[in-house]
Amino acid sequence: MTNTFYNLLVLEELVRVSQEGFAQLQRHADAVKKRFENGLVPQFELLRAQVQLANLKPKVIEVENGLRIAREGFKLLLGMEFEQEIKINGELKLIEENF
């Protein structure tokens, strides 16, 4: 049960980071498009930015779906109804150990 809880925390963080990365790449693609429209970059640069964005979208969806499935599994472990909403509260900390 504890491992499942911490896996959910990790997945939530992974979703957040993935969504932030996608948003940043979207802003970059928008900026490249404006530069292309103003004749400052070749079409190749625009296409590259658009392809990078398109390649990242399925990965973001995959991570979001993984979190959704993990939440459903956690509800099952807890004996909850699937329709019930859950919110996971916790914090991931790096603990340094000296050996």
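**Note on helices H1 and H2 in the predicted model**

1. Arginine 71 has a relative accessible area of 28% and is therefore partly exposed. In this predicted model, the side chain of arginine 71 forms a salt bridge with glutamate 12, with 2.8 Å between the closest N and O atoms. Arginine 71 belongs to helix H2 and glutamate 12 to helix H1, so the pair ties together parts that lie 59 residues apart in sequence.

2. The structure holds 5 salt bridges, and two others may be described beside the one just given. Arginine 16 pairs with glutamate 13, the closest N and O atoms being 2.3 Å apart; both residues lie in helix H1, 3 residues apart, which is about one turn of the helix. Arginine 16 is partly exposed because its relative accessibility is 36%, and glutamate 13, at 34%, likewise counts as partly exposed.

3. Within helix H2, glutamate 45 and arginine 48 meet through their side chains in a salt bridge of 2.7 Å, N to O, and these two residues are again 3 residues apart, about one turn of the helix. An α-helix has 3.6 residues a turn, so residues three or four places apart point the same way. Glutamate 45 is partly exposed at 28% relative accessibility, and arginine 48 is partly exposed at 38%. Salt bridges with shared partners also join Glu13, Arg16 and Glu20 into one network.

4. Helix H2 has 36 residues and reaches 53 Å from its first C-alpha to its last, close to the 52 Å expected at 1.5 Å a residue. Its buried residues are Leu46, Ala49, Leu53, Val60, Val63, Leu67, Phe74 and Lys75, and these pack against helix H1, which covers residues 2–37. After H2 comes glycine 79, which has a positive phi, near 75°.

5. The lysine in that buried set deserves a separate look. Lysine 75 lies in helix H2, which runs over residues 43–78, and it counts as buried because its relative accessibility is 4%, under the 20% cut-off. A polar atom of the lysine 75 side chain lies 2.6 Å from the backbone oxygen of glutamine 84. When residues up to four places away in sequence are not counted, lysine 75 touches Met80, Glu81, Phe82, Gln84 and Ile86, so Gln84 appears both as a contact and as the residue whose backbone oxygen faces the lysine 75 side chain within the 4.5 Å contact limit.

6. Serine 18, in helix H1, is a polar residue to read alongside lysine 75. Serine 18 counts as buried because its relative accessibility is 17%. A polar atom of its side chain lies 2.8 Å from the backbone oxygen of leucine 14. Leaving aside neighbours within four places in sequence, serine 18 is in contact with Val60 and Val63, and both of these valines are among the buried residues of H2.

7. Two further points concern aromatic rings. The structure holds 1 aromatic pair, formed by phenylalanine 5 and tyrosine 6 in an edge-to-face arrangement, with 5.3 Å from centre to centre and 80° between the planes. Phenylalanine 5 is partly exposed at 22% relative accessibility, and tyrosine 6 is partly exposed at 41%. Elsewhere, the charged end of lysine 57 sits over the ring of phenylalanine 22, at 5.0 Å from the centre of that ring.

Key:
Residues are numbered from 1 along each chain as its sequence is written. This is a predicted model: local features need pLDDT of at least 70, side-chain atom pairs count only at pLDDT 80 or more; totals for chains, interfaces and linings use all residues. Side-chain values use heavy atoms; hydrogens and water are left out. Helices (H or I, at least four residues) and strands (E, at least two) are DSSP runs, numbered from the N terminus. Buried means under 20% relative accessible area, exposed over 50%, partly exposed in between (1.4 Å probe, protein chains only). A polar contact is a pair of N or O atoms within 3.5 Å; within protein, one must be able to donate a hydrogen and the other to accept it, and residues adjacent in sequence count only if both atoms are side-chain atoms. Rings of Phe, Tyr and Trp (its six-membered ring) pair if their centres lie within 6.5 Å; planes under 30 degrees apart count as stacked, over 60 as edge-to-face and the rest as tilted. A charge sits over a ring if NZ of Lys or CZ of Arg is within 6 Å of the ring centre and within 35 degrees of the ring normal. The expected span of a helix is 1.5 Å times one less than its number of residues. A salt bridge is a side-chain nitrogen of Lys or Arg within 4 Å of a carboxyl oxygen of Asp or Glu.
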